[in-house]
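Welcome! Please open the structure in your viewer and keep the selection tool at hand.

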Amino acid sequence: MDRRDFIKKSALVTMGSLLMASPLGRLVAKTNESDLANEASNLVNEPNKTDKKMKVLLINGSPRRSGNTFTALSEMAKILEQQGIEAEVVHIGVKPIRGCIACGQCHMNALGKCIFDDDVCNKIIEKLDTADGLVFGSPVYYGQPNGSLLSLMQRMFYAAGSKVQNKPAAAVCVCRRGGATAAFQTLTMPFQMMNMPVVTSQYWNIVYGAAPGEASLDTEGIQTMRTLANNMAWLLKKIHTGDPDYPERESTNWMNFIR
Ligand SMILES: Cc1cc2nc3c(=O)[nH]c(=O)nc-3n(C[C@H](O)[C@H](O)[C@H](O)COP(=O)(O)O)c2cc1C
């Protein structure tokens, strides 16, 4: 089976399981009338999709463990905890993180993780199983997110797309002086092609600071982090305690420009 066939077949299987998991699928599967009545009332009243505590994973892309990105993410974590949502800050650290080499092994073998297991990538992918929301924090390097974080994100999203889709996501950028809006835009690009609701704040999610800890002096930036965390909590509660059904989605119509 070539890669294109594999992708088409996977999409059909996924669509089938999505249909049977959907309210329509469940209704079709019911044969007994009272089952149907119960199911119909559940659909209207289904109050709580899950009783488990919701969790947000905050990924610190900075090599500086206690730097300004950490300060910004910690403010978010504090608010999320106050909202009853578990918040875990994970540091990508200082060891090399390789880039995606487009080998496609993750897809062809339906691994759900990267074929390369020699850096932090798969460890963070594992954490996606229990995460309901995601935050990617980055220092600004030459007007861009730092390279290690981008390498991580590209491999994560390519290898484990099904584990991030439908999960609200936010990007946070920290800089000394300039380039944060460009970096911020770059970080949000993957969310917008992975069916991830992008969580916003009162301003772009940017905090200023150079030496570690200086970010705490940027009161507006830190407030922006609190608003962002509150918005993330609101959206998660809407999703997990309201109507749990996601929009119907078409399978991707792959069309490469060079054939
Ligand atoms: C390689 C490098 C490039 C940087 N480029 C920029 C830049 O383009 N714009 C800027 O305002 N700050 C730049 N900075 C400063 C950092 O963004 C700033 O110190 C930030 O607070 C670092 O976050 P951290 O403490 O979480 O690592 C750069 C720092 C480094 C190490």
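The tour below goes from a pair of strands to the ligand and then to a single tyrosine.

Before you click, note that this is a predicted model, in which local features need pLDDT of at least 70, side-chain atom pairs count only at pLDDT 80 or more, and totals for chains, interfaces and linings use all residues. Residues are numbered from 1 along each chain as its sequence is written.

**Stop one: two strands and a helix.** Select residues 55–60, strand β1, and residues 86–91, strand β2: they pair in the parallel sense over six bridges. Helices (H or I, at least four residues) and strands (E, at least two) are DSSP runs, numbered from the N terminus, and strands pair if DSSP finds at least two bridges between them. Pick L57 and you will find its bridge partner, E88, in β2. Now add helix α4, residues 68–82, to see a right-handed β-α-β unit made with β1 and β2. Right-handed means that, with the strands pointing away from you, the path from the first strand over the helix to the second runs clockwise.

**Stop two: the ligand.** Show the 19 residues that surround the ligand; the closest are S62, G67, T69, P139 and C175. A residue belongs here if its C-beta atom, placed from the backbone, lies within 6 Å of the ligand. Strand β3 (133–141) is one of the elements that each supply at least two shell residues, and β3 gives the most, with three.

**Stop three: Y208.** Select Y208 in strand β6, residues 206–208. Is Y208 buried or exposed? Y208 is buried, because 21 other C-beta atoms lie within 10 Å, and the cut-off for buried is 20 or more. Finally, add R176, which is 32 residues from Y208 in sequence and 5.5 Å from Y208 in space, C-alpha to C-alpha.

How values were computed: Buried ≥ 20, exposed ≤ 12 C-beta atoms within 10 Å, placed from the backbone.
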